[in-house]
Amino acid sequence: IKLAFLRGRYNWARRYFAQHPDHLALCWQGLTGTRRAFMEGARDAGAARLFAELAPLPGFKSLDPEGVNAEGSVPQDVAFYEYIAADPDLLATLKGQFTARTSRRADVGQSGKQTTDSPYIFVPLQVPDDSQMVLFAGWVGSMEGFINALTNAAQSLPDGWHLRLKEHPSSKIKLTPQINAAILAGARMELDNTTDSFAQIRASRGVLTCNSSMGLQAMFFDVPVITTGRCFYALPGLTRHAGDAVSLRKALEHADQLRFDPDSRARFLTWLAKDYYIAETEGGFDQEAIDRRIAEARACSGNQLSSAK
């Protein structure tokens, strides 16, 4: 029944945009389900499309003609950012605006208490059934697989170091049993579900994530970032990407030597804030930026249609 419904949504969208070629398809996220079917039908009809999503920067939204997250149009060639002029004042302002997400769980909080003095890598866990994990988890496969990978790789950390995990404050799926079982079995991990997430980033020696937006946000706090999954910010100089279990183990083995290029990060983050994301102003979202993105979407749809022909 569900397949028939998705097929119907696709056929309706394709028919509609074939009959209204000047119309634009707009969708929130559009990665799964009926919204994915709607956007696929619009694409196959040659329509311009825009995918909207929350941005990881405060006061911004994402509006992209190609998709969101790992499927967006953020350039993956680091050479693209070489001529971007970094804006340290803007980045400092954005850094001061980050606040931890309000928790929906009684056992996950955002208090401001101090973290341990022991050196650690902070691991902000993601929602297990979120599209980021379902579609872009890469070699770890799932949140369960990610925690298993952490359990094994943590044994390679320098003496006295540990991984410090925190569950996602919006997740309805509790990972506490799996994490506690790993800790009881001797894994060099600790679970801290109470300390403010950004306080944990500030006190950390680095952040390890599959593809969470907190990996990008951690760049504002000048800490190294390790990624394991597909994410648009996993670029050379910005993060260290661990594309398999061996790479992750080596990264943690030399956790005290993790490095990044601060200039490359500053240029990349400046471009995101000034050119890619849509800023919210006193009168609403930046209309000129929205108009530019609509023009890009129409140009993109024209190129796709030409290629198809």
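This report describes the overall build of the chain, one enclosed helix and the salt bridges of the structure.

The coordinates are those of a predicted model, in which the protein chain carries 11 helices and 11 strands. The radius of gyration of the protein chain is 21 Å, close to the 19 Å that the globule rule gives for 309 residues, so the chain is as compact as a globular protein of that length. Along its principal axes the C-alpha trace extends over about 65 × 50 × 35 Å. Among the contacts with a separation of 6 or more, 69% are made by residues 24 or more positions apart.

Of the 309 residues, 50% count as buried, and the protein chain exposes about 15000 Å², with carbon and sulfur atoms supplying 50% of that area. The charged side chains comprise 34 positive and 34 negative ones, and the centres of the two sets lie 6 Å apart.

Helix H5, which covers residues 143-153, is largely enclosed by the rest of the structure, because eight of its 11 residues are buried. The buried residues of H5 are Met143, Gly145, Phe146, Ile147, Ala149, Leu150, Thr151 and Ala153.

A search of the whole structure finds 10 salt bridges, including the three pairs listed here.

| Salt bridge | N to O distance |
|---|---|
| Arginine 105 – aspartate 107 | 2.8 Å |
| Aspartate 107 – lysine 174 | 3.8 Å |
| Arginine 164 – glutamate 190 | 2.8 Å |

Aspartate 107 takes part in a salt bridge with arginine 105 and in another with lysine 174. The pair of aspartate 107 and lysine 174 links distant parts of the chain, 67 residues apart, since aspartate 107 lies in the loop between helix H3 (88-95) and strand S4 (120-124), while lysine 174 lies in the loop between strand S5 (162-166) and helix H6 (176-184). The three residues differ in their burial class: arginine 105 is buried, at a relative accessible area of 11%, aspartate 107 is partly exposed at 30%, and lysine 174 is exposed at 55%.

The salt bridge between arginine 164 and glutamate 190 likewise links distant parts of the chain, 26 residues apart, with arginine 164 in strand S5 and glutamate 190 in strand S6 (residues 189-191). Arginine 164 is buried, with a relative accessible area of 8%, whereas glutamate 190, at 36%, is partly exposed. Elsewhere in the sequence, salt bridges that share partners join Arg36, Glu40, Arg43 and Asp44 into one network.

Conventions. Residues are numbered from 1 along each chain as its sequence is written. This is a predicted model: local features need pLDDT of at least 70, side-chain atom pairs count only at pLDDT 80 or more; totals for chains, interfaces and linings use all residues. Side-chain values use heavy atoms; hydrogens and water are left out. Helices (H or I, at least four residues) and strands (E, at least two) are DSSP runs, numbered from the N terminus. The radius of gyration is taken over C-alpha atoms; the globule rule is 2.2 Å times the number of residues to the power 0.38. Buried means under 20% relative accessible area, exposed over 50%, partly exposed in between (1.4 Å probe, protein chains only). Contact means heavy atoms within 4.5 Å. Accessible areas come from the Shrake-Rupley method with a 1.4 Å probe; for residues, only the protein chains shown count as cover. Lys and Arg count as positive and Asp and Glu as negative; His and the chain ends are not counted. The place of a charge is taken as NZ of Lys, CZ of Arg, CG of Asp or CD of Glu. A salt bridge is a side-chain nitrogen of Lys or Arg within 4 Å of a carboxyl oxygen of Asp or Glu.
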